[in-house]
Amino acid sequence: MLYQLSYASKPAAGITVENVAEIVAVSSKRNAERGITGFLAYRSDWFLQALEGGQAQISSLLCLIGKDPRHTDLVILGFHPIDQRQFRSWSMGYAAVHAGDKDVVLRYASGNELSPTELSAAGSIALLRELSERTRTP
Ligand SMILES: Cc1cc2nc3c(=O)[nH]c(=O)nc-3n(C[C@H](O)[C@H](O)[C@H](O)COP(=O)(O)O)c2cc1C
């Protein structure tokens with residue numbers, strides 16, 4: 001059955017945009033091989049990622065991602081069956097979140113800053129969808 005997972009985490013100290021670009025390049029290739037689609041948003045102090053695919057494939061990928069020292073404090077926001085993919089254009093789409101995205105991001109926040117762990121599963125997907133709509137497909 002098709003599942004969708006979303007999680008938030010914190011970039012490890014010293015992680016740069018170049019490091020993230022490398023993660024996305026590898027992820028894109030590997031996810032395509034496993035029938036996984038998804039989207040990753042990165043800001044200097046958080047990652048937010050959605051993954052879609054088979055339940056077993058997503059579970060084993062998350063185990064790998066969870067051990068990755070390039071981020072910490074991973075919190076799962078949602079993991080549930082879905083009827084159709086919402087990020088089907090991307091094996092791993094990517095958006096770097098900038099100050100200019102505040103209008104979008106803060107709509108999902110309870111205060112003046114978004115802490116992604118406060119997002120509901122639906123909120124995390126809605127935010128990633130909005131960010132993905134501003135991103136050109138590969
Ligand atoms: C924030 C973040 C997101 C990641 N997303 C993916 C992903 O979607 N797919 C993937 O294959 N690896 C992803 N990775 C990388 C994996 O943790 C791992 O390095 C990669 O799958 C290679 O695993 P290997 O040890 O089998 O070579 C991500 C890493 C980080 C830090």
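Two rings of Phe, Tyr or Trp (for Trp, the six-membered ring) count as a pair if their centres lie within 6.5 Å. Keep that handy for the exercises on this predicted model.

**Exercise 1. Find the aromatic pairs and work out which residues link into a cluster.**

Start with the count: the ring rule gives four aromatic pairs. One of them joins Phe-39 and Phe-87, with 6.1 Å centre to centre and 25° between the planes. Planes under 30 degrees apart count as stacked, and that is the label this pair gets.

Now place the two rings. Phe-39 sits in strand S2 and Phe-87 in the loop between S4 and S5, so the pair ties together parts that are 48 residues apart in sequence. Both Phe-39 and Phe-87 are buried.

Another pair is Tyr-42 with Phe-47: 5.4 Å centre to centre, with 40° between the planes, which makes it tilted. Tyr-42 is buried at a relative accessible area of 7%, and Phe-47 is buried too, at 4%.

Finally, the cluster: ring pairs link Phe-39, Phe-87 and Trp-90.

**Exercise 2. Write down the strand order of the sheet and say which strands are at the edges.**

Read the order across the sheet, not along the chain. The five strands run S4-S1-S3-S2-S5 in an open sheet, and the pairing is mixed. S4 and S5 are the edge strands, each pairing on one side only. From one strand to the next, the twist averages 15°.

Then check the individual neighbours. Strands of a sheet pair through backbone hydrogen bonds, either parallel or antiparallel. S1 and S3 run antiparallel and are joined by eight bridges; within that pairing, Gln-4 has Glu-52 in S3 as its bridge partner. S2 and S3 are also antiparallel, over seven bridges, and they form a hairpin with two residues between them. S2 and S5, on the other hand, pair in the parallel sense over four bridges.

**Exercise 3. Take S2 on its own: is it buried or exposed, and which way do its residues point?**

First, tally the burial. Seven of the seven residues of S2 are buried, so the strand is largely enclosed by the rest of the structure.

Next, sort the residues by direction. In a regular strand the side chains alternate between the two faces of the sheet. In S2, Thr-37, Phe-39, Ala-41 and Arg-43 point one way, while Gly-38, Leu-40 and Tyr-42 point the other way.

Last, look sideways along the sheet. Gly-38 stands opposite Leu-51 in S3, and Phe-39 stands opposite Gly-93 in S5.

**Exercise 4. Work out which strands helices H1 and H2 pack on, and at what angles.**

Begin with H1, residues 17-34. This helix lies across S2, S3 and S5, running at about 175° to S2. Then do H2, residues 55-66: it packs on the sheet by touching S1, S3 and S4, and its direction makes about 150° with that of S3.

**Exercise 5. Test whether the span of helix H4 fits its number of residues, then see what covers its buried residues.**

H4 is made of 13 residues, 121-133. The expected span is 1.5 Å times one less than the number of residues, so H4 should span 18 Å. The C-alpha atoms at its ends are 18 Å apart, which agrees.

Now the burial. The buried residues of H4 are Ala-121, Gly-123, Ser-124, Ile-125, Leu-127, Leu-128, Leu-131 and Ser-132. What covers them includes the strands S1, S2, S3, S4 and S5, along with helix H3.

**Exercise 6. Compare the settings of Arg-34 and His-98, and say how far apart they are.**

Arg-34 is found in helix H1 and is partly exposed, with a relative accessible area of 29%. Leaving out residues up to four places away in sequence, Arg-34 touches Gln-57, Leu-61 and Leu-64. Arg-34 and Gly-53 are 19 residues apart in sequence and 8.2 Å apart in space, C-alpha to C-alpha.

His-98 belongs to the loop between S5 and H3. With a relative accessible area of 53%, His-98 passes the exposed cut-off of over 50%.

To finish, put the two together: Arg-34 and His-98 are 64 residues apart along the chain, and their C-alpha atoms are separated by 31 Å.

Key: Residues numbered from 1 in each chain as written. Predicted model: local features only at pLDDT ≥ 70, side-chain atom pairs only at ≥ 80, totals over all residues. Heavy atoms only, no water. Buried < 20%, exposed > 50% of the residue type's maximum accessible area, 1.4 Å probe, protein only. Contact = heavy atoms within 4.5 Å. Pairing = 2+ DSSP bridges. Axes fitted to C-alpha atoms, helices over the stretch in contact; angles between N-to-C directions. Phe/Tyr/Trp six-rings, centres within 6.5 Å; stacked < 30°, edge-to-face > 60°.
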